[in-house]
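Let's take a walk through a protein and look for empty spaces, then stop at a few residues with something to show. Keep the picture open while you read.

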Amino acid sequence: WDLIGSESSPYMAVKAKKQGLRIGIFVAIDEEQHRAGVPPPGQSKSQLRRDNTMPYPQDVTVTVGEIRGACAALGHNALEYTVKVEDGHNEVVRRRHVQPLRMPELLQRGIEVGPKNRKVAVEVEWQGGAKFLAELVKREKGMYQVRFTGGKKETLSGVPLNHLHPFDAEDTRTDSSPETLAPDPLWLLDRKIQADIDVKWPLKKRIQDALELLRSQMRPPGAPPLRGPFIGQRAFDSEGYPAHPAPLQELTVDGAFVDTWGKYAGKIKFASTYKIGPSYPRMDAWIDNVDAGDPLYFHAALPVYSGLICLGMYKNPGEPGQGQPEWIRASDVALVGIALYVNGEMFTGSFTNPPLEKNGLQKYGHESCHFIPGCASTYMADSAWVGGVFCLAPTDTDCELRDDVYSIMAYHQLLRDWAKRPRPTGAPAFGAREIDVQVNLVLSTSYLANLRQVCAGSIRVTLSEKGLAMAYDRLRDVQERRLNSQAAHYPKRPRKALSEITYEEGVEQRLIDPKDVPGFISKAPPLPAPAAPAPVV
C-alpha cells in the first residue's frame, strides 16, 4: 500500500488509484479553490466531476507540488492529499482542488511537463540569455515562478512564458544558478546598445523617421488624457502601451504627488500669465482664445513621472517581432519636446535637421542628439520629470525668457507665415483671420529610437492687424533688449534645461542667420547692477 501511504486503508488506496493520483507524482494545486475549468461543449458539470484530469486554465493560479500521502476526509468518499510544495513545507489539499500536473501552454513549446516531470530550462536575460535548469513552483497571472536546481537554488518569480524552454543537457547549466555567476557584461549596457543601434539604425535615419512621424500625426487636443495603470506585470495604460514592471522607488505615485499634480495631469492649459501650475494652485483663469498681440503661456504636465510612461516598442528596422517596450531609464537623457501645429499642420520651425551631440559616443556610449526634430523647443530632463510652465508670447514686463526663446521665435514666425497665406476658399473676405494653434508635449530620449505625444492642447488665435504689429514689436524687444538682460540671466522662476544651439552650430547647420545674433548666442551674463547710493540725510 505504498501507493498512498502507510496511514491509508486498502479501500482508500484503491479509491486513490482510481482517481489517478499516486505517491510521487507532481500535481497542480488550485490556489483560487476553483474547479477544473469550464466543461467542454456537450459535457455537463456532473461529467466534469467524474473526470478530474482536465488541466487548469492558464489564468488560474496554481502551485506545483509532489504528492507524499493520502487519507480519508470528512464527507462521503472524500480524500485529502499531503502535497510537498518545498522542503519543510507541505499542504493538505482536498481532491477537488488538485489535479495531475499538466500545462498545455508549455507542451505547445515542446516542454514536457507532467505528473513525472516539472523540470524546465529557464532563459536568464541578465546572464546573456544563458539557460539554467529549474523546477516549476507556481503559475500566477500568466507568469511563472521557478526554483533552480543548482548553485544557490534560489527562487525566481515573474518569468514569462517565452523564457521557458525544453531541457537540453548540451546548452543548459545544471550545476549553477544565475546568482552564483557574475552578470554578463553586455547586459549591463542599454538594450539598444546591445542591439547595435548605431550601425543597424543610424542616428541620422532615426532623426528623419522621428520628423516624419511628428509631421504625419498629431495628438488631437480633444483626445482623452492618458491614464494608467502605469505599473504592474501584464498591465497596460489607457492607450494600450505596457505598464512598467518594476519602477524605481523614487517614482512612486503617492498622495503628495496626486495633491500636487492631480488637477493638471495629462493636460495642456493656456493662460495670459506665467503665474500658473502647482506654484499657483488657486489660479484658474484659463483661456481658449487670444489675439496675436496678447501674451500667451501654457502649463503642460504628464499624468505621472516620465520614467513610468512607455515610449513605444523598440526594434531595429527589418527585425521580426513586436520589439521590446522602452522606458526612460535613470541613466538616460530624457527629452521633452514642444511641437506646434496650426490647423492640424505641423510648424516645423528651424530644427528639422538638428546637430548631433559632439563626442556623444565617448560620453554616453552611443550616438546622441539632444533635440527632437520638428519640435520648436526641446528640454533635457530625467525620469522624474512631470511638468512645467512654457512661454509663447511674454508679457511686457517678463524678461525671464531664455528657456523659452526658441518657442517664442517659432510662435511669432508662424503668426507671420499664416498672416501672409491667402484665405481658404469659402472663408469670409473681410475681418481678422483666426487660426487654431495646437501644442503637443513629446517625450523621448537622446537615442530618438521612440517618441510619444503624451498630451495636447489647443487655443484659437486672432490675426488682427493691430495684434500682428504688437507681436512684431514684442519679438524685436525680446531679441534686442530682454533676452540678454540681467533678469534673463538671473531668473527667479524655476529653470528648464533647454537644448541650445551655439552660434557656430547654428551657422553650420544653417539654423540661424549670422546677422541675427541676439536670441541664439549664449553670451556671458551681464554684471549685476551696482547698488544705488544711500540717500543723503
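Here is a short tour of pockets, a cavity and some single residues.

Before anything else, keep in mind that this is a predicted model.

**Open spaces**

Rolling a probe the size of a water molecule over the atoms shows where empty space is left. Let's start with the pockets. The largest pocket has a volume of about 2100 Å³. Its lining counts 48 residues, and E125, R191, P245, Q324 and W327 are the closest to the centre. Which strand gives the most to this lining? That would be β9, with four residues. Other elements that each supply at least two residues include β6 (119-124), α4 (191-194), β15 (312-314) and β16 (324-326).

The second largest pocket holds about 560 Å³ of space. Lining it are 30 residues, with G388, V389, P494, R495 and K496 nearest its centre. Here β20 takes the largest share, at five residues. Along with β20 (387-393), both β14 (296-301) and β19 supply at least two residues each.

**A closed space**

Now for the cavity. How many cavities of 30 Å³ or more does a search of the whole structure find? The search turns up one. The volume of this largest cavity is about 50 Å³. Among the residues lining the cavity are A28, P55, Y56, V62 and R139. The lining also includes Q99, P100, L101, R102 and M103.

What kinds of residues line these spaces? The table sorts them by class.

| Space | Nonpolar | Polar | Charged |
|---|---|---|---|
| Largest pocket | 24 residues | 15 residues | nine residues |
| Second largest pocket | 19 residues | four residues | seven residues |
| Largest cavity | seven residues | one residue | two residues |

**A look at H370**

Next, find H370 in the loop between α8 (360-364) and β19 (377-381). Is H370 buried or exposed? With a relative accessible area of 5%, H370 is under the 20% cut-off, so it counts as buried. Its side chain makes a polar contact with the side chain of E357 at 3.3 Å, and another with the side chain of S368 at 3.5 Å. If you leave aside neighbours within four places in sequence, H370 is in contact with V333, L335, E357, Y364, T378, M380, S446 and S499. Notice that E357 turns up here again, as a contact and as a polar partner.

**Backbone oddities**

A couple of residues have a positive phi although they are not glycines. K153 has a phi of about 55° and sits in the loop between β8 (143-148) and β9 (155-159). L448 has a phi of about 60° and belongs to the loop between β21 (433-445) and β22 (451-463). How do they fare for exposure? K153 has a relative accessible area of 53%, which is over 50%, so K153 is exposed. L448, at 3%, is buried.

There's a cis peptide bond to spot as well: it joins G228 and P229, with omega at about 15°. P229 is in the loop between α6 (203-216) and α7 (255-261).

**Cysteines**

A disulfide is a covalent bond between the sulfur atoms of two cysteines. How many disulfides does the count give here? It comes to zero. As for single cysteines, C71 is partly exposed, at 27% relative accessibility, whereas C369 is buried, with a relative accessible area of 0%.

Conventions
Residues are numbered from 1 along each chain as its sequence is written. This is a predicted model: local features need pLDDT of at least 70, side-chain atom pairs count only at pLDDT 80 or more; totals for chains, interfaces and linings use all residues. Side-chain values use heavy atoms; hydrogens and water are left out. On a 1 Å grid over the protein atoms alone, a cavity is a set of points where a 1.4 Å probe fits but cannot get out, and a pocket is an open set with protein on both sides within 12 Å along at least five of seven lines; lining residues have an atom within 4 Å of a point. Grid points are joined across faces, edges and corners, and a volume is the space filled by probe spheres set on the points. Ala, Val, Leu, Ile, Met, Phe, Trp, Tyr, Cys and Pro count as nonpolar, Asp, Glu, Lys and Arg as charged, and the others, Gly among them, as polar. Buried means under 20% relative accessible area, exposed over 50%, partly exposed in between (1.4 Å probe, protein chains only). A polar contact is a pair of N or O atoms within 3.5 Å; within protein, one must be able to donate a hydrogen and the other to accept it, and residues adjacent in sequence count only if both atoms are side-chain atoms. Contact means heavy atoms within 4.5 Å. A disulfide is a pair of cysteine sulfur atoms within 2.5 Å.
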